[in-house]
Amino acid sequence: MHAAKVVAILLALLPPFAVRAESPVQWLANGHWYQMVMDSAVTWESARVSAESMVWMDMPGHLVTVNSQEEYDFLAASVWNNRYIYGWIGAFQDSPSLPAGEGWQWVTGEPWDYTRWCSGEPNDYYGPGSEDCGDMYPGGWNDTGCGGWAHFVVEYEGVTAVEEASWSTIRALYRTR
Ligand SMILES: [Ca+2]
Ligand SMILES: [Ca+2]
């Protein structure tokens, strides 16, 4: 068989390119699950929409929100696992006319009270309004253009604070046995 034909057949047998969702991992501190979705061709907005359409164990997803040093450390160690991967996070700047460091929000509306920007970030590198979406890689966060391409990380959380409190009680009971 002609070599080019062999290559064509092999290519046809490959799965559709580039989307590979890794197994979700749970952070026991809050019970949430986190999943790296390796997708080489997704903008921040399409990552946001995809994340919000995903469900894991009846829990709806959203682009990951990094709300504390402990959550960052968990993500760095368990989801990024020290790999040099750019992943969209659920951080965005609500107005392009704002200075690089102002007006940042989480997709969930959680308070913007913890940040882990890389040194020199956020910087609107290509000028005002050029970088209004957040991504993360080992070392911290960067503001980058929302139309760029990156992988993304989904966070799944489905229980209310009341349910979480009762689960904490149940877990504590089991721990004392
Ligand atoms: Ca979070
Ligand atoms: Ca930047």
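**Close-ups of a predicted model**

**View 1. Asn 81 sits in the loop that runs from helix 3 (69-80) to strand 6 (87-93).** A quick reminder before going further: this is a predicted model. Just after helix 3, Asn 81 adopts a positive phi of about 50°. Its loop neighbour Asn 82, also between helix 3 and strand 6, has a positive phi too, near 65°. Neither is a glycine, and most residues other than glycine have a negative phi. Are these two asparagines buried or exposed? Asn 81 has 13 C-beta neighbours inside 10 Å, so it counts as partly exposed. Asn 82 has 8 other C-beta atoms within 10 Å and is therefore exposed.

**View 2. Helix 3 has a buried side and a face turned away from it.** The buried residues here are Glu 71, Phe 74, Leu 75 and Val 79. They cover an arc of only 100° around the axis, so they end up on the same side of helix 3. What do the buried residues of helix 3 pack against? Their partners are strand 2 (25-26), strand 3 (33-39) and strand 10 (151-156). Over on the face turned away from the buried side, look for Gln 69, Glu 70 and Ala 77, which are exposed.

**View 3. Helix 2 (44-53) also shows a buried set, made up of Trp 44, Ala 47, Arg 48 and Ala 51.** An arc of only 100° around the axis takes in these residues, which means they lie on the same side of helix 2. They pack against strand 5, strand 6, strand 8 and strand 10. Flip to the other side of helix 2 and you'll find Val 49 and Ser 53, both exposed.

**View 4. The largest nonpolar core brings together 27 residues.** Which residues have the most contacts inside it? They are Leu 63, Val 64, Trp 88, Ile 89, Phe 152, Val 153 and Val 154. Strand 3, helix 2, helix 3, strand 6, strand 8 and strand 10 each give two or more residues to this core. Zoom in on Leu 63 and, leaving aside neighbours within four places in sequence, its contacts include Ala 47, Arg 48 and Ala 51, which are among the buried residues of helix 2. Also in contact with Leu 63 are Trp 88, Ile 89, Gly 90, Val 107, Phe 152 and Val 154. As a general backdrop, nonpolar side chains tend to be buried together in soluble globular proteins.

**View 5. Strand 8 (133-137) and strand 9 pair in the antiparallel sense.** How many bridges join them? There are five bridges, and in one of the pairs Met 136 has Trp 141 as its partner in strand 9. The hairpin leaves two residues between the strands, and Gly 139 takes a positive phi near 120° there. Strand 9 (residues 140-144) is largely enclosed by the rest of the structure, because four of its five residues are buried.

**View 6. The peptide bond from Glu 121 to Pro 122 is cis.** Omega for this bond is near -5°. Where does Pro 122 lie? Look in the loop between strand 7 (104-106) and strand 8. For context, most peptide bonds are trans.

**View 7. Two loop residues, Asp 58 and Ala 41, each pair up with a residue far along the sequence.** Asp 58 lies between strand 4 (55-56) and strand 5 (59-63). With 8 other C-beta atoms within 10 Å, Asp 58 is exposed. Its C-alpha is 9.1 Å from that of Glu 157, though 99 residues separate the two along the chain. Ala 41 is in the loop between strand 3 and helix 2; it has 11 other C-beta atoms within 10 Å, so it is exposed. Ala 41 and His 151 are 110 residues apart in sequence, and their C-alpha atoms are 7.6 Å apart.

**View 8. Zooming back out, the protein chain has four helices and 10 strands.** In sequence order, the pattern reads α-β-β-β-α-β-β-α-β-β-β-β-β-α. The chain has 177 residues, of which 27% count as buried. Among contacts with a separation of 6 or more, 62% are between residues 24 or more positions apart.

Methods. Residues are numbered from 1 along each chain as its sequence is written. Chains are lettered from A and ligands numbered from 1 in the order in which they are written. This is a predicted model: local features need pLDDT of at least 70, side-chain atom pairs count only at pLDDT 80 or more; totals for chains, interfaces and linings use all residues. A residue is buried if 20 or more other C-beta atoms lie within 10 Å of its own, exposed if 12 or fewer, and partly exposed in between; C-beta atoms are placed from the backbone. Two strands pair if DSSP finds at least two bridges between them. Two residues are in contact if their C-beta atoms, placed from the backbone, lie within 7 Å. The arc is that of the directions from the helix axis to the C-beta atoms. A nonpolar core is a set of buried Ala, Val, Leu, Ile, Met, Phe, Trp, Tyr and Cys residues joined through C-beta atoms within 7 Å.
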